[in-house]
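Let's take a walk through this protein, one contact at a time. Have the sequence and the 3D view open side by side as you read.

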Amino acid sequence: MNTAVEKLFLDAASNRHLDWLESEAIHIMREVAAECTNPALLFSGGKDSVVLLRIAEKAFRPGKFPFPLVHIDTGHNFPEVIEFRDKRVAELGERLIVGSVEDSIKRGTVRLRNPQTDSRNAAQAVTLLETIAEHKFDACIGGARRDEEKARAKERIFSFRDEFGQWNPKAQRPELWDLYNTRVHPGENMRVFPISNWTELDVWQYIAREKLELPPIYFAHEREVIPRNGLLVPLTDLTPPREGETVEKRIVRFRTVGDISCTCPVASDAADVDAIIAETAVTQITERGATRMDDQTSEASMEKRKKEGYF
């Protein structure tokens with residue numbers, strides 16, 4: 001088979017695969033709208049939530065989304081991502097609800113030893129549960145994927161949470177033949193993951209196909225970083241160098257974006273989507289394994305946080 005024909009064959013196969021994933025995600029999104037009384041779609045400005053917005057557009061346009069967008073803001077987010085979030089929401093003309101960890105700290109429901117510098121990543125769980133309770137959401141749609149981390153691999157597409165917002169991996173509901181049990185009692189809720197079956201490579205290939213815009217920090221750029229425990233910690237006021245550490249300038253990009261205090265870039269010269277796809281196709285380290293300081297505390301750290309209400 002010559003190179004041109006082989007490329008056409010591979011492109012066609014990739015499009016069929018993406019078509020199947022997109023169709024499943026649209027079905028799930030519409031199922032949430034049909035079966036849940038008061039759902040919300042979590043939108044942080046990250047690549048997975050950008051994909052979810054496109055799925056929502058295909059599921060519900062030209063009408064308005066049948067749910068608001070929600071972001072749990074730690075107050076320690078990368079400014080490029082927050083700027084992109086607000087720009088994208090304005091373009092869509094949809095409603096954005098922001099739950100603030102800073103407000104939870106002021107209420108006393110979140111207590112940190114040093115609120116100005118301590119990581120607020122785990123504290124998001126408290127603010128998320130408060131936001132759910134305030135607006136009486138019975139379902140929150142998010143962009144978590146099974147390939148990200150083994151605790152997430154245990155979760156169903158419709159993940160049941162009890163009246164305390166807790167997740168029990170042994171009490172998940174069966175999902176045979178794409179049939180979903182969405183029934184909840186007052187105070188309980190569902191977390192729903194339409195792209196649960198997608199991989200990081202699928203996400204980037206879909207971004208390429210749909211020509212989706214992303215925050216610039218996803219692409220290669222020069223940044224001051226601190227080599228630490230095999231990671232490249234971004235130099236910021238929240239993450240200064242420790243005694244004996246050196247600051248280096250590197251060409252890096254972010255594979256995932258989250259709280260500044262726990263999210264690291266990776267060394268990369270991939271400056272466009274095609275280059276990122278080529279890089280992602282050969283990587284052997286998950287995006288969270290390569291970039292998240294909070295997941296390195298223990299093998300069970302994510303599962304522990306999820307049981308306490310983390311998304």
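Arginine 61 is partly exposed, with a relative accessible area of 29%. Bear in mind as you look that this is a predicted model. Which residue forms a salt bridge with arginine 61? That's glutamate 94, and the closest N and O atoms of the two are 2.8 Å apart. Glutamate 94 itself is buried, at 10% relative accessible area, because anything under 20% counts that way. Now find the two on the chain: arginine 61 sits in the loop between α2 (47-60) and β2 (69-73), while glutamate 94 sits in the loop between α3 (79-92) and β3 (96-100), so the pair ties together parts that are 33 residues apart in sequence.

Why would such residues get together? Side chains of opposite charge can pair when their charged atoms come close. There's plenty of this going on here, with 23 salt bridges in the structure.

Try another one: aspartate 19 with arginine 209, where the closest N and O atoms are 2.7 Å apart. Aspartate 19 belongs to helix α1 (residues 3-35) and arginine 209 to helix α7 (residues 200-210), so this salt bridge ties together parts that are 190 residues apart in sequence. How open to the outside are these two? Aspartate 19 is partly exposed at 38% relative accessibility, and arginine 209 is partly exposed too, at 24%. Neither stands alone, either: both belong to a network of salt bridges that also includes Glu22, Arg54, Glu57 and Lys58. Keep following that network and you'll meet Lys87, Arg88 and Glu91, as well as Glu210 and Glu213.

Further along the chain, glutamate 279 forms a salt bridge with arginine 253, and here the closest N and O atoms are 2.8 Å apart. This time a helix meets a strand: glutamate 279 lies in α8 (residues 273-282) and arginine 253 in β9 (residues 248-253), so the pair ties together parts that are 26 residues apart in sequence. Is arginine 253 buried or exposed? It's buried, with a relative accessible area of just 1%. Its partner, glutamate 279, is partly exposed at 25%.

Enough of charges; let's turn to the rings. How many aromatic pairs are there? The count comes to 6. One of them joins phenylalanine 65 and phenylalanine 67, with 5.9 Å from centre to centre and 50° between the planes, which makes the pair tilted. Both rings belong to buried residues: phenylalanine 65 has 7% relative accessibility, and phenylalanine 67 has 4%. Add Phe60 to Phe65 and Phe67, and you have one aromatic cluster.

For another arrangement of rings, look at tryptophan 198 and tyrosine 206. Their pair is edge-to-face, with 5.1 Å between the centres and 80° between the planes. Tryptophan 198 is buried, at a relative accessible area of 1%, and tyrosine 206 is buried as well, at 0%.

Last stop: the outside. Which residues make a nonpolar surface patch of about 420 Å²? They are Leu176, Trp177 and Leu179. To find the place, go to the loop between β5 (158-161) and β6 (189-192), where leucine 176 lies.

Note on methods:
Residues numbered from 1 in each chain as written. Predicted model: local features only at pLDDT ≥ 70, side-chain atom pairs only at ≥ 80, totals over all residues. Heavy atoms only, no water. Patch = residues over 30% accessible without salt bridge, like charges linked within 9 Å, V, L, I, M, F, W, Y side chains within 5 Å. Areas by Shrake-Rupley, 256 points an atom, 1.4 Å probe, with all protein chains shown as cover. Salt bridge = Lys/Arg side-chain N within 4 Å of Asp/Glu carboxyl O. Helix = DSSP H or I, 4+ residues; strand = E, 2+ residues; numbered from the N terminus. Phe/Tyr/Trp six-rings, centres within 6.5 Å; stacked < 30°, edge-to-face > 60°. Buried < 20%, exposed > 50% of the residue type's maximum accessible area, 1.4 Å probe, protein only.
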